[in-house]
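Biologist: Could you take a close look at one part of this model for me? I would like to see how a single strand fits into its surroundings.

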Amino acid sequence: MPEYPKPIMKKSELLAMGFPDEYLMYIYRTPGQKVAHKLNPTKKNSPLIFDTGALEQFRQNQIKIESQSMPRAQ
């Protein structure tokens, strides 16, 4: 579990921590998510900001869902 230095972080800061761009954009584009938002929604090139607490909860839920969907070896 990664340690986040701030409760709200920009996408660029998370990229610097090693998160893949594709994964962060997947989270942002997921309908109904409460993790990522634009800093200023009225501006097209506004930076994305992420709530790191909600991000970690989203990650843990994804891991849980993926592990449940794996076939069990018998």
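Modeller: Happy to! A good way in is L14, which touches Y4, M9, F19, L24, F50 and L55, leaving aside residues up to four places away in sequence; contact here means heavy atoms within 4.5 Å. This is a predicted model, where local features need pLDDT of at least 70 and side-chain atom pairs count only at pLDDT 80 or more, while totals for chains, interfaces and linings use all residues. Residues are numbered from 1 along each chain as its sequence is written, and side-chain values use heavy atoms, with hydrogens and water left out.

F50 leads us to β3 (48–51), a strand in the sense of a DSSP run of E with at least two residues, numbered from the N terminus. Its covered face holds L48 and F50, and its uncovered one I49 and D51. In a regular strand, side chains alternate between the two faces of the sheet.

β3 also has antiparallel partners, and strands pair if DSSP finds at least two bridges between them. Three bridges join β1 (residues 8–10) to β3, with I8 opposite D51. Another three join β2 (residues 36–38) to β3, where A36 has F50 as its bridge partner.

F50 and L14 are also among the residues touching the most other members of the largest nonpolar core, which has 14 residues. Such a core is a set of buried (under 20% relative accessible area, 1.4 Å probe, protein chains only) Ala, Val, Leu, Ile, Met, Phe, Trp, Tyr and Cys residues joined through side-chain atoms within 4.5 Å. β3, α2 (21–29) and α3 (52–69) each give two or more residues to this core.

Definitions and conventions:
Buried means under 20% relative accessible area, exposed over 50%, partly exposed in between (1.4 Å probe, protein chains only). Helices (H or I, at least four residues) and strands (E, at least two) are DSSP runs, numbered from the N terminus.
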